[in-house]
Amino acid sequence: MKAYTVHYRMYLAADTKSISFLAKNKQDAYDKAVYEIIPEMEHEPPYEAYVYSVTYQNGNQKIF
């Protein structure tokens, strides 16, 4: 598992927010954020979301 950061907006003109959590891969991170974590926190699905980065166990970070 790696630490992924997902950026999202709830509305077109809303500020961009971010969340970080553990996931297996980039697709898993996106699915987990859009269908589980964000709706649970915000009480509705996001308007827009994308996987911003991944941090590996050795501390290296990759920005997509």
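With which side chain does the side chain of Arg9 make a polar contact? In this predicted model, the partner is the side chain of Glu48, and the polar contact between the two side chains spans 2.8 Å. The place of Arg9 is in strand β1, whereas Glu48 is found in strand β3. The pair also meets the rule for a salt bridge, since the closest N and O atoms of Arg9 and Glu48 are 2.8 Å apart. Because Arg9 lies in strand β1 and Glu48 in strand β3, the salt bridge ties together parts that are 39 residues apart in sequence.

The surroundings of these two residues can be described in turn. When its neighbours within four places in sequence are left aside, Arg9 is in contact with Ala14, Asp15, Thr16, Pro46, Tyr47 and Glu48. With residues up to four places away likewise not counted, Glu48 touches His7, Tyr8 and Arg9. Glu48 has a relative accessible area of 32% and is therefore classed as partly exposed, the range for that class lying between 20% and 50%. A separation of 21 Å is found between the C-alpha atoms of Glu48 and Lys62, although these residues are 14 residues apart along the chain.

How many salt bridges does the structure contain under the rule applied here? The count comes to 2, and besides the pair of Arg9 and Glu48 there is a salt bridge in which the side chains of Glu42 and Lys17 meet, at 3.0 Å from N to O. This pair, too, links distant parts of the chain, for Glu42 is in helix α1 and Lys17 is in strand β2, 25 residues apart. Glu42 has a relative accessibility of 22% and so counts as partly exposed, and Lys17, at 37% relative accessibility, likewise counts as partly exposed. In general terms, side chains of opposite charge can pair when their charged atoms come close.

A charged group is also found over an aromatic ring, where the charged end of Lys26 sits over the ring of Phe64, 4.2 Å from the centre of that ring. Pairs formed between two aromatic rings, by contrast, number 0 in the structure.

Attention may next be given to the nonpolar interior. The largest nonpolar core has 14 residues, and of these Val6, Ile19 and Phe21 touch the most other members. At least two residues of this core are supplied by each of β1 (2-9), β2 (17-23), α1 (26-42) and β3 (48-55), and the largest share, 4 residues, comes from α1. The contacts of Phe21 can be listed in full once its neighbours within four places in sequence are left aside: Phe21 is then in contact with Lys2, Ala3, Tyr4, Val6, Ala29, Lys32, Ala33 and Ile37.

Which residues of strand β1, apart from those already described, are treated here, and are they buried or exposed? His7 has its place in strand β1, and its relative accessible area of 17% means that His7 is buried, as the limit for this class is under 20%. Leaving out residues up to four places away in sequence, His7 touches Thr16, Lys17, Ser18, Glu48, Ala49, Tyr50 and Tyr52. The C-alpha atoms of His7 and Ala33, residues that are 26 residues apart along the chain, are separated by 9.4 Å.

Thr5 also has its place in strand β1, and at 14% relative accessibility Thr5 counts as buried. The side chain of Thr5 makes a polar contact with the side chain of Ser20, at 2.9 Å. Beyond the residues up to four places away in sequence, Thr5 touches Ser18, Ile19, Ser20, Tyr50, Val51, Tyr52 and Ser53.

A further residue, His43, lies in the loop between α1 and β3. The relative accessible area of His43 is 71%, and His43 is therefore exposed, the limit for this class being over 50%. The backbone of His43 is notable for its phi, which is near 70°, a positive value in a residue other than glycine.

How values were computed. Residues are numbered from 1 along each chain as its sequence is written. This is a predicted model: local features need pLDDT of at least 70, side-chain atom pairs count only at pLDDT 80 or more; totals for chains, interfaces and linings use all residues. Side-chain values use heavy atoms; hydrogens and water are left out. A nonpolar core is a set of buried Ala, Val, Leu, Ile, Met, Phe, Trp, Tyr and Cys residues joined through side-chain atoms within 4.5 Å. Buried means under 20% relative accessible area, exposed over 50%, partly exposed in between (1.4 Å probe, protein chains only). Contact means heavy atoms within 4.5 Å. A polar contact is a pair of N or O atoms within 3.5 Å; within protein, one must be able to donate a hydrogen and the other to accept it, and residues adjacent in sequence count only if both atoms are side-chain atoms. A salt bridge is a side-chain nitrogen of Lys or Arg within 4 Å of a carboxyl oxygen of Asp or Glu. Rings of Phe, Tyr and Trp (its six-membered ring) pair if their centres lie within 6.5 Å; planes under 30 degrees apart count as stacked, over 60 as edge-to-face and the rest as tilted. A charge sits over a ring if NZ of Lys or CZ of Arg is within 6 Å of the ring centre and within 35 degrees of the ring normal.
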